[in-house]
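Subject: Structure handover

Hello,

Here is the structure for you to look at alongside the sequence. My notes on it follow below.

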Amino acid sequence: MEVLAYYRTVAMEQKRALQPAADAIGMPLDDYWNQIVEEWNALGTMRASWLPTAFREGRELYTISFPEGWWVDITKMETIAALNKLAEEIDGLPEELTLGHLTGNDREITTAIATLLRTKIELDDGTVPLGIEFGTKHGQPAGGGGTCWAYWMRQLDVGFDEPAVRTNSESIELDDSAYKSALAYCKITSR
């Protein structure tokens, strides 16, 4: 979902960019957009709000086995409260962090927070988290899932082999139900 949502945003920005032209000719934006899309289709050009086959074929779904450990759920109230205590260590963070900041589009904020957690969080027994987890900002799908993870490759940082391993990979098929659901949500189509 996180990857496909970008394409939804791009398509909507392209449509909104046509608003001044639609206004100039006195046509509602949706009608103007639909007319342009019909012309593109008639000319055989790339279709609006469509992902090319190469998008799907150039990606795979991976199953990864992580070492034993724990994750910091950044959407939990306790985590947000702890982050607000640590936030003064990072320039440019809002005075009070909220869930909106933690799952928002501002990658400078989310990266700074992840970096802070990576360097500051340790349990009393000396263990450190594998990384962070959070629900997608697009909402949890009815069938479950919707969790995002950011894994910290700590072993590589100190010159050791990476303990997380890919255990499976599979292609993304056009008829995959999860892929079709994400496409429908994003109002885009794929070939």
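**Helix α3**

Leu 29, Tyr 32, Trp 33, Ile 36 and Val 37 of α3 are buried. Viewed down the helix axis, the buried residues of α3 fall within an arc of 135°, so they line one face of the helix. Glu 38 and Ala 42, on the other side of α3, are exposed. Please keep in mind that this is a predicted model.

The length of α3 can be checked as well. The helix covers residues 29–43, which is 15 residues, and at 1.5 Å a residue it should span 21 Å. The expected span is taken over one less than the number of residues. The C-alpha atoms at its ends are 21 Å apart, which agrees.

**Nonpolar cores**

The largest nonpolar core contains 20 residues. Those with the most contacts inside this core are Ile 74, Leu 83, Leu 93, Ile 113, Leu 117 and Ile 132. At least two core residues come from each of α5 (77–86), α7 (107–120) and β4 (131–135). Of these elements, α7 gives the largest share of the core, six residues. As a general point, nonpolar side chains in soluble globular proteins tend to be buried together.

What does Ile 74 touch, not counting residues up to four places away in sequence? Its contacts are Thr 79, Ile 80, Leu 102, Leu 117, Ile 132, Glu 133 and Phe 134. Two of the names in that list, Leu 117 and Ile 132, also appear among the core residues with the most contacts.

There is also a second, separate core of seven residues, including Leu 51, Phe 55, Ile 172 and Cys 186.

**The sheet**

Three strands make up an open sheet with mixed pairing, in the order β3-β4-β5. The edges are held by β3 and β5, each with a single partner strand, so one side of each has no neighbour in the sheet. On average, neighbouring strands in this sheet are turned by 25° against each other, direction ignored.

Strand β3 (residues 71–73) runs parallel to β4, and three bridges join the two. Val 72 has Ile 132 in β4 as its bridge partner; Ile 132 is also one of the core residues listed above.

On the other pairing, β4 and β5 (residues 147–151) run antiparallel and are joined by five bridges. Here Glu 133 stands opposite Trp 149 in β5, and Glu 133 is also among the contacts of Ile 74.

Regards

Terms used: Residues numbered from 1 in each chain as written. Predicted model: local features only at pLDDT ≥ 70, side-chain atom pairs only at ≥ 80, totals over all residues. Heavy atoms only, no water. Helix = DSSP H or I, 4+ residues; strand = E, 2+ residues; numbered from the N terminus. Buried < 20%, exposed > 50% of the residue type's maximum accessible area, 1.4 Å probe, protein only. Arc of directions from axis to C-beta. Core = buried A, V, L, I, M, F, W, Y, C linked by side-chain atoms within 4.5 Å. Contact = heavy atoms within 4.5 Å. Pairing = 2+ DSSP bridges. Axes fitted to C-alpha atoms, helices over the stretch in contact; angles between N-to-C directions.
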